[in-house]
Structure formats: structure tokens, C-alpha cells
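Thank you for making the time this morning. I would like to walk you through one structure slowly, and I will begin with a question once you have it in front of you.

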Amino acid sequence: MRVLLNIIWLVFCGFWMAVGYAFAGLLLAITVIGIPFAIASFRMANFALWPFGRRLVHEPGAGAFSTLGNILWLVLAGWWLALGHILTGIVLCLTIIGIPLAAANFKLVPVSLMPLGKRIADVEGPGMFAVDAAGRPRVRV
């Protein structure tokens, strides 16, 4: 089911969203100061491309610089991106078929608000490695 939802998402929403995040990452990578934000933008492009079956995990080793960067990101770009994801999700909820796509849009809100100090992890599935609350892999038994 995840693969089917990801394909539908990719065709209708994900491709253009990922292209936008990747383009923003390229623009941010021009300056040395923007490189951490460019990496976060590329991470968001990856998550926007294939969101079903993945989740956002807090990186426990992230320090004060990621917090300061997140505050700067939130003020300059994060709240605009989050607002766009929320409004798109609300519009997608108007149809039954759009509800799973809206859920994926709502899933992108936290990473668009504060992308630094986070990573994308696969959710637990049959025969896969699971991750605990800290994002460390553990073997399912």
C-alpha cells in the first residue's frame, strides 16, 4: 500500500515539491553560511519525494547551532513552507481520494518548520529494522 500511495503522491504532488526544495537547496549552497540550510533543503526534497513509510526523527546529537539555525529558518522560510503544506493539505481533504495525500502534506509540516537536527527514518515494517524513539535501529523480534 505504501508503494501505491508513494507513486500517486509522486505523480500528483511529490515531484514538483521535491524539485522546489532541491532548487532552493542549490540556491542556498551558493554561500558558505547557507550550506547547512541547503543540506536540510535536500533532506526535505528527499522526504517530499517519497513520504509514505518514512517519518521524521530527532537527531539526539544536534546541538545549539541547529537550534539557532532552526530559529533563523523558522523566521525566514519555515512558517511560509508550513503554511503552504497546511493549506494544501486542507484543500486535499476536500476529496476522499485526497485524504492520504493531505496526510503526507501534514507530515511535511514539522520538517518544513524546523529541519535542522532531524533525519528521515523508515517506519517499522515486516522484515525490516525498526527504530526506537531516539532513531537508533533495533532488530524486530
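Leaving aside its neighbours within four places in sequence, which residues is Arg-54 in contact with? Before I answer, please keep in mind that what you see is a predicted model. The contacts of Arg-54 are Asn-46, Phe-47, Lys-107, Ile-120, Ala-121, Asp-122 and Val-123. Arg-54 itself is found in strand 1, which covers residues 54–58, and it is buried, because its relative accessible area is 12% and the cut-off for that word is under 20%. Along the chain, Arg-54 and Val-123 are 69 residues apart, and yet their C-alpha atoms are separated by 5.2 Å.

Let me now step back to the whole protein. It has 5 helices and 4 strands, and if you follow the elements from the N terminus, you will read them as α-α-β-α-α-α-β-β-β. Of its 141 residues, 35% count as buried. Among the contacts with a separation of 6 or more, 66% are between residues 24 or more positions apart, and the pair I have just described, at 69 residues apart, is one example of such a long separation in sequence.

What, then, lies in the interior? In soluble globular proteins, nonpolar side chains tend to be buried together. Here the largest nonpolar core has 21 residues, and those that touch the most other members are Trp-9, Cys-13, Met-17, Tyr-21 and Leu-108. At least two residues of this core come from each of helix 1, helix 2 (35–49), helix 3 (64–92) and helix 4 (99–107), and helix 2 gives the most, with 6 residues. If we take Met-17 and set aside its neighbours within four places in sequence, we find it in contact with Trp-9, Ala-48, His-85, Asn-105 and Leu-108.

Asn-105 deserves a moment of its own. This residue is in helix 4, and it counts as buried because its relative accessibility is 0%. Not counting residues up to four places away in sequence, Asn-105 touches Trp-9, Met-17, His-85, Thr-88, Gly-89 and Leu-92. Within helix 4, the buried residues are Leu-101, Ala-102, Ala-104 and Asn-105. Around the axis they cover an arc of only 155 degrees, and therefore they sit on the same side of helix 4. Their cover includes helix 1, helix 3 and helix 5, the last of these being residues 109–113.

Now let us turn to the outside, where the protein exposes about 8400 Å², with carbon and sulfur atoms supplying 79% of that area. On the surface there is a nonpolar patch of about 1200 Å² of accessible area together, and its members include Met-1, Val-3, Phe-12, Phe-15, Trp-16 and Trp-50. The largest share of this patch, 9 residues, comes from helix 1, residues 2–28. Phe-12, which lies in helix 1, is exposed, because its relative accessible area is 60%, and the word exposed applies over 50%.

One last residue of helix 1 is Leu-27, which is partly exposed at a relative accessible area of 48%. Between Leu-27 and Ala-38 there are 7.7 Å, C-alpha to C-alpha, although the two are 11 residues apart in sequence.

To close, I would ask you to hold two views of helix 1 together: it supplies residues to the largest nonpolar core, and it also gives the surface patch its largest share.

Technical notes: Residues are numbered from 1 along each chain as its sequence is written. This is a predicted model: local features need pLDDT of at least 70, side-chain atom pairs count only at pLDDT 80 or more; totals for chains, interfaces and linings use all residues. Side-chain values use heavy atoms; hydrogens and water are left out. Patches are made of residues with over 30% relative accessible area and no salt bridge: like charges are joined within 9 Å, nonpolar side chains (Val, Leu, Ile, Met, Phe, Trp, Tyr) within 5 Å. Accessible areas come from the Shrake-Rupley method with a 1.4 Å probe; for residues, only the protein chains shown count as cover. A salt bridge is a side-chain nitrogen of Lys or Arg within 4 Å of a carboxyl oxygen of Asp or Glu. Buried means under 20% relative accessible area, exposed over 50%, partly exposed in between (1.4 Å probe, protein chains only). A nonpolar core is a set of buried Ala, Val, Leu, Ile, Met, Phe, Trp, Tyr and Cys residues joined through side-chain atoms within 4.5 Å. Contact means heavy atoms within 4.5 Å. The arc is that of the directions from the helix axis to the C-beta atoms.
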